[in-house]
Amino acid sequence: MKLITKLVAIVASVMVLASAMTGASAANERYGKQKVVYHINYNGGEDDKAYRGALRNVQNHINAVGKDNMEIKIVLHGNGVDLLKDAKTNEKLQMDVTSLKSQNVVFNVCNNTLVGRNIDYNKDLFEVFEDEIVPSGVAELSRLQQMGYTYIKP
């Protein structure tokens, strides 16, 4: 009797695992590989709510498609650069940005905005490196769309 109980438990475990794998496989079959550019050029609002919502959209996208099936860039220009400025002091934004970067999401920052607003990316922004600076945010959006990236403005 104990042998039958163990066998039933093993079969049930295998079925749960197979079901989970089928769900991931079905999502993968449904969505395939994706290249996406998220465009942020607006204010974050009270408690950076709009920024956190946009970053949550990106995370939900990754959850649905799988980080290994995604190439995601977030282009920040104009008021959107404040997302990384606010992240210097907002721990929740820091965690969101760090988490997304660990999943290979690239944050691109507009140099025109940095120059126009006298922002030093080394001192004023959270975790921005020279290779993440693009000459023009809007030109980068166009370039990425020409390269096959899907445009999303959360």
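## Around Tyr42, helix 2 and a small cavity

The backbone oxygen of Pro154 sits 3.0 Å from a polar atom of the Tyr42 side chain. That is a handy place to start looking around this model, which is a predicted one.

Tyr42 itself is part of the loop that joins strand 1 to helix 2. Is Tyr42 buried or exposed? Its relative accessibility is 19%, and the cut-off for buried is under 20%, so Tyr42 counts as buried. Setting aside neighbours within four places in sequence, Tyr42 is in contact with Ala50, Tyr51, Ala54, Asn79, Gly80, Lys153 and Pro154. Pro154 thus turns up both in that contact list and as the owner of the backbone oxygen mentioned at the start. There is also a C-alpha pair worth clicking on: Tyr42 and Leu76 are 34 residues apart in sequence, yet 8.9 Å apart in space.

Stepping back for a moment, the protein chain has 7 helices and 5 strands. Read from the N terminus, they come in the order α-β-α-β-α-α-β-α-α-β-α-β. The chain runs to 154 residues, and 38% of them count as buried. Of the contacts in the chain with a separation of 6 or more, 77% are between residues 24 or more positions apart.

Back in the loop between strand 1 and helix 2, two aspartates deserve a look. Most residues other than glycine have a negative phi. Asp47, though not a glycine, has a positive phi of about 55°, and Asp48 also shows a positive phi of about 55° without being a glycine. Asp47 is in the loop between strand 1 (34–40) and helix 2, and Asp48 is found in that loop too. What about their accessibility? Asp47 is exposed because its relative accessible area is 64%, where over 50% is what it takes. Asp48 counts as buried, with 9% relative accessibility.

Here are the accessibility values for the residues discussed in this report:

| Residue | Relative accessibility | Class |
|---|---|---|
| Tyr42 | 19% | buried |
| Asp47 | 64% | exposed |
| Asp48 | 9% | buried |
| Ala50 | 32% | partly exposed |
| Glu71 | 40% | partly exposed |

Now for helix 2. It covers residues 49–65, which makes 17 residues, and it reaches 24 Å from its first C-alpha to its last, close to the 24 Å expected at 1.5 Å a residue. Its buried residues are Tyr51, Gly53, Ala54, Leu55, Val58, Gln59, His61, Ile62 and Val65. Just after the helix, Gly66 takes a positive phi of about 100°.

Two helix 2 residues show what the helix meets. Ala50 belongs to helix 2 and, leaving out residues up to four places away in sequence, touches Tyr42, Asn43 and Gly44. Ala50 and Leu83 are 33 residues apart in sequence and 9.4 Å apart in space, C-alpha to C-alpha. Gln59 is found in helix 2 as well. The Gln59 side chain makes a polar contact with the side chain of Asn63 at 2.8 Å. Apart from neighbours within four places in sequence, Gln59 is in contact with Ser99, Leu100 and Gln103.

Gln103 leads on to the cavity. How many cavities of 30 Å³ or more does the structure hold? There is 1. The largest cavity has a volume of about 40 Å³, and its lining is made up of Ile62, Lys67, Met70, Glu71, Ile72, Gln103, Asn104 and Val105. By class, that lining has 4 nonpolar, 2 polar and 2 charged residues. Which element gives the most to it? Strand 2 does, with 3 residues. Helix 2 is represented too, since Ile62 is among the buried residues of helix 2 and is one of the lining residues.

Glu71 is one of the lining residues and lies in strand 2, residues 70–76. At 40% relative accessibility, Glu71 counts as partly exposed. Its side chain makes a polar contact with the side chain of Tyr149 at 2.6 Å. Not counting residues up to four places away in sequence, Glu71 touches Gln34, Lys35, Val36 and Tyr149. Glu71 and Lys35 are 36 residues apart in sequence but 4.6 Å apart in space, C-alpha to C-alpha.

Note on methods:
Residues are numbered from 1 along each chain as its sequence is written. This is a predicted model: local features need pLDDT of at least 70, side-chain atom pairs count only at pLDDT 80 or more; totals for chains, interfaces and linings use all residues. Side-chain values use heavy atoms; hydrogens and water are left out. Helices (H or I, at least four residues) and strands (E, at least two) are DSSP runs, numbered from the N terminus. Buried means under 20% relative accessible area, exposed over 50%, partly exposed in between (1.4 Å probe, protein chains only). Contact means heavy atoms within 4.5 Å. A polar contact is a pair of N or O atoms within 3.5 Å; within protein, one must be able to donate a hydrogen and the other to accept it, and residues adjacent in sequence count only if both atoms are side-chain atoms. The expected span of a helix is 1.5 Å times one less than its number of residues. On a 1 Å grid over the protein atoms alone, a cavity is a set of points where a 1.4 Å probe fits but cannot get out, and a pocket is an open set with protein on both sides within 12 Å along at least five of seven lines; lining residues have an atom within 4 Å of a point. Grid points are joined across faces, edges and corners, and a volume is the space filled by probe spheres set on the points. Ala, Val, Leu, Ile, Met, Phe, Trp, Tyr, Cys and Pro count as nonpolar, Asp, Glu, Lys and Arg as charged, and the others, Gly among them, as polar.
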